[in-house]
Amino acid sequence: MAITHPRVWSIRGGGQHAPPKDNIDWESFGFGLNNVRTDKMWLDRVSTAGDGDSTHYSTDDSQCLVPLGDLQLSPTATVLNYGQALFEGLKACRRPDGSIAIFRPDKNAQRMAQGAERFCMPVVPERTFLHAVDAVVRENAAWVPPHGQGALYLRPLLMGTGEGLGVKPSSESTFCIYASPVGNYFKGGIQAIRLQAVQGFSRAAAGGSGAIKASGNYAPAFAVQRQVKQRGFDEVLCLDAASGEAVEEAGASNFFAIFPDNTIVTPSLQQETILPGVTRQSILELAAAELGLTPVERRLTLEELKQAKEAFCCGTGACISPVGSISVAQADGNVTDEIVFGSSAGPLTEKLFRMLTGIQTGSDATLSQKYRHWIHVVEPANQKVAAER
Ligand code: PLP
Ligand code: COI
């Protein structure tokens, strides 16, 4: 169904973003490419000296903003052979006044920088990262859905794209950001998801790359994800590799449980097996400051989850997804236990969902003001030109 939207513009400093495209059924969009192609992407290929010290990523829009298109790679590229690749995920939302804001992009820049150090790629400086993210949003502003109807999802990639057969860091690094509009995670009310933990499956072990947003962390979970979906569950819940008794995170989101003593517990990052989510960190802060809960980061076993009153997963893509139940299965699918929380969001989970999305989309004016340091406003194009003159 074709839908038209009223034209809304940012009026900050007289600049204005392009309004959302007409005749797009934004409400039909899920988390995916949704059969649309945005206009521009950021693409910067730099040769590396190996140690990264002499590498400079560009901030030149005229050079790096290019039409969204295919990348040319040698089959010998390090990223293809040895998985030297990182990615990030952020959302840009259109706010009620027509301005466009991104939630805590500095945190994504910092996480990618940590990954780059670990994967021996030259770090993209935070300033460059933010400049590139802004440029991609600005160029694709017409693809930012109307307020309340989704977001423009941004996917920064950092890859070793140089040629070479030797097992060593690439001689070339590519920093790319593409964008795709995505729908609201929940349409018509927050729904609870059903998780299954599979004994013997864990995503990361201590000393591995679980705390890095490495592309190669995801494909190893595809088979078990497919299995749990075939069994009727929404997502796999990853257990710790050491004991198989503690929960770590879901396939693409962090995990929280709220207990009757008003502690809100999430698995600790100490073993470096869990992705340090931007949403996770924000929820720890919001739960304490706005709901008076006691945030705790520690080991969290399946057994003690039976005492929890609410549980949820969270992430940029997943937003806050209430957990309805956790099934525990052996590798062959034989279910050994089930923990049930209920078929809808618990009251505290729902409050956190409303607060977080209220800040991200600007729909909660009071909280948006209070947490304005979490919000990065993308200046419209003509305002930027004026500022640079
Ligand atoms: N854990 C994993 C494995 C993820 O892929 C993600 C998504 O990015 C998260 C947690 C949540 O991280 P964030 O809140 O930064 O999106
Ligand atoms: C995100 O939530 O942004 C992610 O990157 C997780 C997933 C889509 C892989």
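# A tour from the two ligands outward

Begin by selecting ligand 1 together with its surroundings: 16 residues lie around it, and of these Lys-213, Tyr-218, Glu-249, Thr-279 and Thr-316 come nearest. Bear in mind while looking that this is a predicted model, and that every distance, angle and area given on this tour is computed from it.

**Ligand 1 and its polar contacts**

Keep ligand 1 on screen and display the side chains of Arg-111, Tyr-218 and Thr-279. In the side chain of Tyr-218, an N or O atom is found 2.5 Å from an oxygen atom of the ligand, and a polar side-chain atom of Thr-279 is likewise placed 2.5 Å from an oxygen atom of ligand 1. For Arg-111, the distance between a polar side-chain atom and an oxygen atom of ligand 1 is 2.8 Å. If you switch on a surface at this point, you will find that the protein covers 97% of the 380 Å² of accessible area that ligand 1 has on its own. The space that ligand 1 takes up is the largest pocket.

Now colour by secondary structure and ask which elements each supply at least two residues of the shell around ligand 1. They are β11, which runs over residues 253–258, helix α6, and β14, which runs over residues 310–315.

**Ligand 2**

Move next to ligand 2, whose surroundings are formed by Phe-31, Phe-87, Gly-89, Tyr-153, Arg-155, Lys-213, Tyr-218, Ala-252, Thr-316 and Gly-317. Lys-213, Tyr-218 and Thr-316 in this list are also among the residues named above as coming nearest to ligand 1, which makes them a convenient selection to keep when you pass from one ligand to the other.

Three contacts deserve a distance label here. A backbone N or O atom of Gly-317 is 2.7 Å from an oxygen atom of ligand 2, a polar side-chain atom of Lys-213 is 2.8 Å from an oxygen atom of ligand 2, and an N or O atom in the side chain of Arg-155 is 3.4 Å from an oxygen atom of the ligand. Of the 280 Å² of accessible area that ligand 2 has on its own, the protein covers 84%. Ligand 2, too, sits in the largest pocket.

**Helix α6**

From Thr-279, extend the selection to helix α6, residues 278–291. Its 14 residues should span 20 Å at 1.5 Å a residue, and the C-alpha atoms at its ends are 19 Å apart, which agrees. Which residues of α6 are buried? They are Val-278, Thr-279, Arg-280, Ser-282, Ile-283, Leu-284, Leu-286 and Ala-287.

Still within α6, pick out Glu-290, which counts as partly exposed because its relative accessibility is 25%. A line drawn from the C-alpha atom of Glu-290 to that of Thr-336, 46 residues away along the chain, has a length of 38 Å. Just after the helix comes Gly-292, which has a positive phi, near 70°.

**Helix α4**

Select residues 126–139 to see helix α4, for which 14 residues at 1.5 Å a residue should give a span of 20 Å, in agreement with the 20 Å between its end C-alpha atoms. Is this helix largely enclosed or largely open? It is largely enclosed by the rest of the structure, because 10 of its 14 residues are buried; among them are Phe-129, Leu-130, Val-133, Asp-134 and Arg-138.

**Two residues with positive phi**

Most residues other than glycine have a negative phi. Against that background, select Asn-35 and Cys-319, neither of which is a glycine. Asn-35, in the segment before β1 (40–47), has a positive phi of about 55°, and it counts as exposed because its relative accessible area is 84%, over the 50% cut-off. Cys-319, in strand β15 (residues 319–329), also has a positive phi of about 55°, but it counts as buried because its relative accessible area is 9%, under the 20% cut-off.

**Two buried strand residues**

Stay with strand β15 and go to Ala-329, which counts as buried at 0% relative accessibility. Its C-alpha atom is 9.5 Å from that of Val-228, although the two residues are 101 residues apart along the chain.

Finish in strand β12 (residues 263–267) with Val-265, which is buried, with a relative accessible area of 1%. Between the C-alpha atoms of Val-265 and Leu-300 the distance is 7.6 Å, while in sequence they are 35 residues apart.

Terms used. Residues are numbered from 1 along each chain as its sequence is written. Chains are lettered from A and ligands numbered from 1 in the order in which they are written. This is a predicted model: local features need pLDDT of at least 70, side-chain atom pairs count only at pLDDT 80 or more; totals for chains, interfaces and linings use all residues. Side-chain values use heavy atoms; hydrogens and water are left out. Helices (H or I, at least four residues) and strands (E, at least two) are DSSP runs, numbered from the N terminus. The expected span of a helix is 1.5 Å times one less than its number of residues. Buried means under 20% relative accessible area, exposed over 50%, partly exposed in between (1.4 Å probe, protein chains only). A residue is near a molecule or strand if one of its heavy atoms lies within 4 Å of it. A polar contact is a pair of N or O atoms within 3.5 Å; within protein, one must be able to donate a hydrogen and the other to accept it, and residues adjacent in sequence count only if both atoms are side-chain atoms. Accessible areas come from the Shrake-Rupley method with a 1.4 Å probe; for residues, only the protein chains shown count as cover. On a 1 Å grid over the protein atoms alone, a cavity is a set of points where a 1.4 Å probe fits but cannot get out, and a pocket is an open set with protein on both sides within 12 Å along at least five of seven lines; lining residues have an atom within 4 Å of a point. A molecule sits in a cavity or pocket if more than half of its atoms lie within 2 Å of its grid points.
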